[in-house]
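Student: I should like to learn how to read the contacts between the parts of a protein model. Please take me through an example.

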Number of protein chains: 2
Amino acid sequence: MAHLRIALAQLNVIVGDIKGNGEKILDWTRRAAAKEAQLVLFPETALTGYPVEDLALRQSFIEESRQSVSRLASRLADEGLGELVVVVGYLDRTDEPEHPKKGHPQNVAAVLHRGEVVARYAKHHLPNYGVFDEFRYFKPGNELTVLTIGGVDVAVAICEDLWQDGGPVAATAEAGAGLLAVINASPYERDKDDTRGELVSRRAREAGCALAYVNLIGGQDELVFDGDSMISDADGTLIVRGPQFVEDLVLADLELPDSQAVNGPTVSRAEKLIISRHHVTDAYPAPSTPIEAPRYPRLSADEEVYSALVLGLRDYCGKNGIERVYLGLSGGIDSTLVATIASDAIGAANVYGISNPSAYSSEHSKTDAADLAQRLGLNFSTVPIAPAVDAFHSLIDIDGVAAENLQARIRAVIWMAESNQHNPSIVLACGNKSELAVGYSTIYGDAVGGFAPIKDVPKTWVWRLATWRNDHAVARGEQPPIPENSITKEPSAELRPGQKDTDSLPPYEVLDKIIAEYVEGDQGRAEIIAAGYDVDLVDRVMRMVDRAEYKRRQYPPGTKISFKAFGRDRRLPITNGWREEHPALEAIP
Amino acid sequence: MAHLRIALAQLNVIVGDIKGNGEKILDWTRRAAAKEAQLVLFPETALTGYPVEDLALRQSFIEESRQSVSRLASRLADEGLGELVVVVGYLDRTDEPEHPKKGHPQNVAAVLHRGEVVARYAKHHLPNYGVFDEFRYFKPGNELTVLTIGGVDVAVAICEDLWQDGGPVAATAEAGAGLLAVINASPYERDKDDTRGELVSRRAREAGCALAYVNLIGGQDELVFDGDSMISDADGTLIVRGPQFVEDLVLADLELPDSQAVNGPTVSRAEKLIISRHHVTDAYPAPSTPIEAPRYPRLSADEEVYSALVLGLRDYCGKNGIERVYLGLSGGIDSTLVATIASDAIGAANVYGISNPSAYSSEHSKTDAADLAQRLGLNFSTVPIAPAVDAFHSLIDIDGVAAENLQARIRAVIWMAESNQHNPSIVLACGNKSELAVGYSTIYGDAVGGFAPIKDVPKTWVWRLATWRNDHAVARGEQPPIPENSITKEPSAELRPGQKDTDSLPPYEVLDKIIAEYVEGDQGRAEIIAAGYDVDLVDRVMRMVDRAEYKRRQYPPGTKISFKAFGRDRRLPITNGWREEHPALEAIP
């Protein structure tokens with residue numbers, strides 16, 4: 001057996017910031033060297049960030065990525081870190097420039113050693129579903145790269161290579177590798193339980209060797225990466241686990257089988273991949289002091305989601321140079337939860353809550369908002385909207401829903417004006433997923449904002465997270481931030497006297513379940529009705545969901561936490577004549 | 001030689017409306033039968049519309065499409081139209097249900113005859129670039145279908161099969177077919193000259209046989225299809241050409257080589273496609289009266305674009321049940337052109353122009369708007385914004401850009417209130433592509449609307465189209481609709497005294513060229529500078545374009561007319577640290 005000290009660098013990068021990300025990779029390599037690591041793995045496309053979307057079509061971008069990875073190798077050597085073997089993800093291209101995948105971009109892992117890129121591995125399985133569009137941009141690789149490092153045969157793979165059967169994992173088993181190093185950019189998703197941990201265990205058994213998995217952390221527009229880097233032994237036991245949602249250098253000492261010392265490339269029998277082999281370093285002496293590898297427990301379901309929302313907002317602000325956020329505080333649970341997340345994300349001193357009472361606002365809407373502001377310590381002001389409401393009514397003749405929407409839009413004008421006046425700042429939209437699904441919002445009113453932190457959180461989960469956040473505070477001996485009345489009172493938009501959400505919508509407990517079937521599950525009418533819901537209710541909800549597509553298109557981005565979030569990964573036509581309740585093209589009687 | 005009367009049905013369908021589209025296909029088949037056609041081709045996915053996006057992931061939708069195509073065959077037979085051979089595009093699936101391409105949807109052409117679906121062809125080449133995401137949804141077919149119809153061997157292909165080298169076209173040549181029937185859903189694009197006509201000619205020569213090409217027309221969200229159906233003979237001469245942007249049944253009598261009467265499937269040597277053969281009908285007698293096939297000339301570049309914009313807006317309204325449109329009329333060229341397009345699209349009686357003068361509005365902004373309204377005959381009202389401006393300034397303390405934006409947002413609140421009051425209606429956003437590119441607009445102000453007709457029209461083209469529309473009127477002996485002063489005056493947002501667009505932006509002649517390089521061409525900084533532009537100007541424009549991504553995400557949909565429109569086919573991160581002016585990861589000196 002050979003000894004290898006491995007470091008999994010789960011870091012937070014910025015898409016497109018090749019310079020900044022490169023400096024960060026350098027810095028973390030220094031830290032890994034200081035801990036006597038011999039092999040350090042950085043995540044998939046750590047140099048460019050993930051996903052780069054159409055930046056992959058710019059030759060100048062790909063060129064900079066290619067050159068930077070070579071410069072990174074030189075700089076490591078210049079700093080005396082050349083002996084450390086570094087695996088890092090970046091974008092490269094094949095050599096034939098060709099439309100439409102110009103110059104055929106590839107998603108590549110580079111292996112750096114002694115000032116050179118000594119080997120490359122191009123991702124074989126390209127995901128093209130959900131939030132992924134890799135087949136749109138990249139050309140798949142057809143070669144498995146096996147490196148001999150410290151006397152161990154190390155195969156390299158990238159993210160989706162692990163999720164699909166066959167391909168690099170099967171070829172790793174054929175190659176008889178001692179370690180499979182997998183670099184990832186795998187976004188967080190709620191309700192996956194421990195799918196990823198189980199996958200890593202299973203693939204380690206299939207590959208017949210230990211498996212090291214490193215993942216990004218951080219928010220990138222609508223995605224949030226959770227880290228959760230880990231190592232499984234060849235039996236599928238998870239022996240190392242990193243933290244979630246924070247940067248960390250996860251270190252472990254591994255005892256691995258000696259290299260089989262095969263020379264030259266072979267071809268995988270089953271997978272038709274070429275197995276190329278590169279000798280990088282000989283066996284290492286054991287490090288001076290042993291390392292205790294971490295085994296972080298996974299967060300609870302509630303804490304996981306809350307952490308994802310906090311990090312998603314923090315990074316959207318931080319990475320875009322936004323210093324302050326403004327939001328309307330109605331005393332309702334949605335804006336209350338958003339204000340709490342914002343205070344946890346960027347500090348209450350940078351959060352500006354505005355109460356905009358109207359003639360229809362209840363007394364508790366004002367007192368609950370003020371109570372919240374005081375508990376969190378955020379900036380709070382009150383701007384009543386009556387003078388503006390009156391001014392518009394003197395100009396135009398409207399009533400009913402148009403007059404209700406007017407109030408919501410006047411509030412939005414005030415928030416936007418304050419935000420524009422105090423740049424760099426954004427308004428936070430406080431809509432939740434249930435509202436977005438059925439279009440229960442005023443476009444250019446409460447739907448206004450630069451970011452929508454709870455856009456992918458169903459209303460029933462809004463209450464659940466608020467309760468968790470209060471309990472979490474109590475457990476830490478702190479004051480619960482959220483006024484109990486905001487959690488328990490009945491939801492209302494307060495745009496007309498006595499209005500309640502249930503005037504327009506079914507109870508959220510029912511609505512959220514139907515939305516889950518229709519939106520997350522892509523179930524049809526017959527299946528949803530068969531699951532036990534009222535026919536008219538199902539038809540009504542389905543129609544509301546379809547009709548609200550035009551509103552959702554203009555909704556601000558927000559952190560995705562579910563399998564199917566409105567936004568990047570759900571693509572439906574606005575102009576959509578699909579109505580399941582009418583049988584199509586009926587037979588002539 | 002055998003005789004075949006062919007009908008190309010270039011129709012306008014609605015995505016998802018399987019019932020309505022099916023009835024339309026029936027109706028057009030009746031018309032083709034009345035003209036003694038023997039073979040009628042309907043466009044790609046004519047039964048479901050194109051593109052269906054995530055509807056392809058719903059089993060209930062695919063199931064309805066499959067069943068409807070069978071019912072369509074039965075109904076044709078029931079009506080005595082069973083002898084006519086109908087080729088129609090729809091969605092089907094393979095039989096293995098499997099995630100993530102659930103049940104493997106396929107983009108299929110069905111051949112209907114005597115009440116049955118007698119053959120199917122699944123699209124082989126799946127486009128996955130630009131506006132296309134077919135690889136995301138569909139599984140490619142691997143079989144070329146050759147039908148013997150009226151004693152002629154007819155191969156069937158679908159759209160992208162024609163655009164990519166090899167595959168079905170090459171296999172058609174090997175199969176020795178007498179006609180290649182290609183059904184298409186090919187969106188309109190400006191500046192393509194006659195790429196499609198040249199492609200059809202070239203592929204006919206490659207296939208060694210005549211080629212019939214039928215395309216959809218109509219608007220679907222951001223896409224607009226232009227028809228332009230055509231037939232090439234085996235030498236590559238275009239002998240038939242349908243009109244652009246209107247529904248039409250294009251009929252032609254063709255003399256084609258007799259069937260080779262090959263039995264059973266063969267395998268294409270070069271393309272590894274299975275060539276399957278189906279005898280459908282024997283040779284037909286010659287029709288009673290010959291048909292003069294049409295040869296429509298192509299529209300001029302200006303008329304083409306203008307027609308695309310009119311049809312895009314008409315169908316967005318018509319297919320979504322929108323009866324009226326509201327828009328702000330500033331007297332500037334953008335809102336003037338949009339009002340003209342809207343009047344041409346849905347009738348001036350359904351267009352409501354609102355003038356919202358402020359303290360900074362020029363006299364001509366009011367008189368030009370009123371002049372336009374009178375020329376077009378649209379509904380016109382004036383709502384000065386001063387009372388609302390004063391009300392907000394009494395509530396909040398803002399100045400500078402925040403106060404400028406306030407005016408734009410107050411106008412938007414008025415338009416939206418009028419629209420909400422008079423449903424079903426939408427507001428039209430009047431922003432052009434140049435403004436969108438650099439973010440020269442007020443989010444939730446002038447960017448408000450349900451549709452943005454000139455979203456993909458650069459400012460220099462806005463003037464060009466306005467001039468064309470006036471010339472076109474004069475040529476038809478009508479009054480030019482657009483006041484000359486709106487075309488000639490200097491652009492201004494009129495949000496502060498003496499403001500001009502050139503205070504913030506380079507001249508549009510220069511700006512549009514840089515945008516074309518950067519946005520349409522995905523060119524990098526070095527290439528754009530090398531093309532002769534000032535370094536600082538290029539850096540400034542590139543930065544403005546990158547920074548405006550968050551605004552564009554919330555912009556209403558609008559008809560795409562270019563290679564790269566902001567919206568569906570251009571996907572860039574909002575959080576984007578890519579700065580070409582800084583060399584990445586500099587070498588240590």
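**Reading the interfaces**

Tutor: Between domain 1 of chain A and domain 2 of chain A, eight residue pairs are in polar contact, both residues being at pLDDT 80 or more. A polar contact is a pair of N or O atoms within 3.5 Å; within protein, one must be able to donate a hydrogen and the other to accept it, and residues adjacent in sequence count only if both atoms are side-chain atoms. The model is predicted, so local features need pLDDT of at least 70 and side-chain atom pairs count only at pLDDT 80 or more, whereas totals for chains, interfaces and linings use all residues. Residues are numbered from 1 along each chain as its sequence is written, chains are lettered from A and ligands numbered from 1 in the order in which they are written, and side-chain values use heavy atoms, with hydrogens and water left out.

Student: Which elements supply at least two residues of the side of domain 1 of chain A that touches domain 2 of chain A?

Tutor: Helices (H or I, at least four residues) and strands (E, at least two) are DSSP runs, numbered from the N terminus. Here the elements are strand E10 (217-220) and strand E11 (223-226) of chain A. E10(A) gives the most to that side, with three residues. By class, the side has seven nonpolar, four polar and three charged residues. For these classes, Ala, Val, Leu, Ile, Met, Phe, Trp, Tyr, Cys and Pro count as nonpolar, Asp, Glu, Lys and Arg as charged, and the others, Gly among them, as polar.

Student: Where do the two domains of chain A begin and end?

Tutor: Domain bounds come from an automatic or database domain assignment. For chain A it gives domain 1 (2-279) and domain 2 (301-496 + 548-553). Their C-alpha centres lie 40 Å apart. In contact (heavy atoms within 4.5 Å) are 14 residues of domain 1 of chain A and 13 residues of domain 2 of chain A.

Student: How is the size of an interface often given?

Tutor: It is often given as the accessible area lost when the parts come together. Buried area is the accessible area (1.4 Å probe) that two parts lose on being put together, summed over both. For the two domains of chain A it is about 1,100 Å², with carbon and sulfur atoms giving 57%. In domain 1 of chain A, Tyr188(A), Arg190(A) and Phe245(A) lose the most area to domain 2 of chain A, together 42% of what that side buries. Between chain A and chain B the buried area is about 8,600 Å², of which 58% comes from carbon and sulfur atoms. In that pairing, 98 residues of chain A are in contact with 98 residues of chain B.

Student: How many salt bridges does the rule find across the interface of chain A and chain B?

Tutor: A salt bridge is a side-chain nitrogen of Lys or Arg within 4 Å of a carboxyl oxygen of Asp or Glu. The rule finds 10 across the interface of chain A and chain B. Among salt bridges in the model is the one between Asp133(B) and Arg136(A), at 3.3 Å from N to O. Between the two domains of chain A the rule finds one salt bridge. Lys455(A) forms a salt bridge with Glu222(A), with the closest N and O atoms 3.0 Å apart.

Student: Is Lys319(B) buried or exposed?

Tutor: Buried means under 20% relative accessible area, exposed over 50%, and partly exposed in between (1.4 Å probe, protein chains only). Lys319(B) counts as buried because its relative accessibility is 16%. Lys319(B) belongs to helix H7 (residues 301-319) of chain B. Its side chain makes a polar contact of 2.7 Å with that of Asn12(B), and reaches the backbone oxygen of Val13(B) at 2.7 Å.
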